Amino acid sequence: MSLNVETQTGNDVKTFDIEKIRKDFPILKTLIHGKPLCYLDNAATTQKPQIMIDSLVEYYSSMNANIHRGVHHLSEVSTKAFEEARLKVKDFINASSEKEIIFTRGTTESINLVANSFAKSLFHDGDEVIITGMEHHSNIVPWQLIEPIKKIKLRTIKVDDNGELILDDFEEMINERTKLVSVVYVSNSLGTINPVEKIISIAHKHNVPVLLDAAQAIQHLKVDVQKLDCDFLAFSGHKIYGPTGIGILYGKQKFLETMPPFLGGGDMISKVTFEGTTFNELPYKFEAGTSNIADAISLGAALDYVTNIGIDAIAKHENEILDYATNKLLEIPGLRIIGNAKNKSSVISFVFEKIHPHDVGTFLDFEGIAIRTGHHCTQPLMDRFCVPATSRASFALYNTKEEADTLAKSLKKILEVFN
Amino acid sequence: MDAELRELYQQVILDHNKSPRNFKKLENANHTAEGYNPLCGDKINIYMDVENGIVKDVSFLGSGCAISKASASLMSTIIKGKTKEKAEKIFEKFHDLVTGNLTDEEEIEELGKLAVFSGVKDFPVRVKCASLAWHTMISALNKEEKIVSTEEK
C-alpha cells in the first residue's frame, strides 16, 4: 500500500510515504469493534500526529506560564513559543505581517469576531452581506445574531445541481449597500472548491471586502492570502492535524485597524482607567484574556508537520483517493453522490434511496469505519438538495485506497441487510 | 453481522422499516402533532382519531432511520384501541426499555412486540430515534398544537 509521490518544492524533493505517515498517527492503530479503525470523518476533525501531541506534553511539562508581561524565565519562554507559533501561521498562509494573525477558538469564533466587530460597529441598517447557499451554519447564524443591533440583509449565491455556485448573477447582487462577501472556500458537505479568486476579483472591482471560510480548505490546498487577496480568512487548528480549541482569523491590517475590539479584558488594552481605555496594538487588540497558549504552540507544530510533507503532495494523494473512492462508490446500486463539482476536495456525500444515513453510519461503525451522518451543519443546503441528511466520507493524508475498498465493501453489505 | 448490531436491527424492525404499517394520513383525525429531531433531520406527523378517551385509529407520515420508522409503525399497531391512560403507560415502559431502565423480564415480556427495541439501550444516540414517534403521539393525545422537538426535553 506504499504510494510514492514526488513533488518538487524548490530544491527539496519530497517523498510521500503513506506507511511512514500512518505511523505518525498513533490513533490509527486503534481497533473499533474488533476491526482496524478506518477513519473517514476528517472533515469533522482530523487525527493528530505524535509530534503535535508531544508538543502539548512538552509545553505543559517544561514551559507552562502565562504569556506577555511576565518577567520570569518561564513566562519569557512561553511568550516566545507562542509568538513563534503566530509566525508559523503567518508563513503558512503567507500573510504580510504577524499583526494580521489573530488567535481565536476556531473558524466559528473568527467569523463571529468579524460579525461583531466589523459588521455590528461599522455597518448600517439595511447593509448587505453576500453569502452562498452552501454555507456552514457558522457563516449564516453570526450575521443573523447581530440583527438586534444592525439589521443586515443576507443575500445568497445559489447552488446548481452539481453543487457548484451559480455566479452568473453574483455581480448584479452587488450594490452600494453590499458591505461584505463572506463565502466558504471548500464546502464541508459537498467538497466543492469554490472559485474564490473570481469571487474576490469581482467583489474588489466594487470595493467590497471578502471573507473566506477556509475551514475545509487549509488542510487540502495551498492557501496564500496575498495571492488570493482575500480581506479576511478563517480556519480551525483541529482540521489541519492540530488541537481543538484554537483557530485563526487573518485580516488585512487596514480593516483590523478600523475595527473595535470584539471582547474586552486583559491583554487587549494598553491603558485602563475607570473613565476609559485605550486598546492594545494589533493583533493583541483582539486577544482578550489569557490565550490558548498550549494549543497555539501545538498548532504551530501541526503546521510544521504539514509543511514538511508538503501541501501539494498531500493534495495529490488526497485527489487520488477521492477519484478512486468516487468510482468505487458509484458501482454500488442505489447510491447517489450529492455534490459532483468539477473542482472537488476529498469529501464524498452520498445517500441511498431506501436507507437512512443514520443506519448507514451505525452499520459502518461496526466495520470500524467512522463517517459522519446528518445535515453537517448545512441545513439550507440539505433543503436545496431535498434530503434531510447525507452520509459523508472525507479523506485525509493518511487514508488509503484499501480504506476506500473497505468502505465500498461495507456499503454493499448494508444493502444485503436492508433489501 | 455483529451480535450487538443484530440486536439493534432485529428482523421485526427491518420488516417494519421496509413496510411500515398505518403509513398514511388519517383523513378523519381529530388529534395531530408534528415531531422533529434536529440532530438527524427526522420528521414525523402523527394523526389520531380519539373518541371518549379511546384511540380509535392512528397513522403517521414522515422520514427517518429504520429505528424511528419501525418504532412509529409498531407504536401505531399497539396503541390502536387503547385508552389514553393505557397508551401513556405503554410509552413509559417503552421509554424505560430503550434507556435501559426496564430490566424485569416479566415487564419486558408484557411489552410484547415492542421488546424488539431492547437493543436500543446499547446505542444511546439512537434513543431519540426510537422515542420520537412516541413523544409526538403523546403530544397529539394531549392535543398540544406545537412541534415536538427531541431537543426540548
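What radius of gyration does chain B have, and what would a compact globule with 153 residues have?

## Size and packing of chain B

The model is predicted. Chain B has a radius of gyration of 14 Å. A compact globule with 153 residues would have one near 15 Å, so the value for chain B agrees with that expectation. The C-alpha trace of chain B spans about 45 × 35 × 30 Å along its principal axes.

Burial can be put beside these dimensions. Of the 153 residues in chain B, 42% count as buried. Contacts in chain B can also be sorted by sequence separation. Take those between residues at least 6 apart in sequence: 62% of them join residues at least 24 apart.

## Elements of chain B

Chain B contains 6 helices and 4 strands. Read from the N terminus, the order is α-α-β-β-β-α-α-α-α-β. Two helices thus open the chain, and three strands follow them. Then come four helices, and a strand ends the series.

## Confidence in chain A

The average pLDDT of chain A is 94. In this chain, 97% of the residues score at least 70.

Where does pLDDT stay under 50 in chain A? It does so over residues 1–13. For this stretch the model has 27 contacts beyond four places in sequence.

## A cis peptide bond in chain A

Most peptide bonds are trans. The bond from A:Leu282 to A:Pro283 is cis. Its omega is near 0 degrees. A:Pro283 sits in a loop of chain A, with β14 (277–279) on one side and α10 (293–309) on the other.

## Positive phi in two loops

Most residues other than glycine have a negative phi. A:His33 has a positive one, near 50 degrees, and is not a glycine. The residue lies in the loop of chain A that joins β3 (31–32) to β4 (35–36). Is A:His33 buried or exposed? A:His33 counts as exposed, because it has 12 C-beta neighbours inside 10 Å. The cut-off for exposed is 12 or fewer.

A:Cys386 also has a positive phi, about 55 degrees, and is not a glycine. Its loop in chain A runs between α13 (379–384) and β19 (390–394). A:Cys386 has 7 other C-beta atoms within 10 Å, so this residue is exposed.

Methods: Residues numbered from 1 in each chain as written. Chains lettered and ligands numbered in written order. Predicted model: local features only at pLDDT ≥ 70, side-chain atom pairs only at ≥ 80, totals over all residues. pLDDT = per-residue confidence, 0-100. Contact = placed C-beta atoms within 7 Å. Rg over C-alpha atoms; globule rule 2.2 N^0.38 Å. Buried ≥ 20, exposed ≤ 12 C-beta atoms within 10 Å, placed from the backbone.
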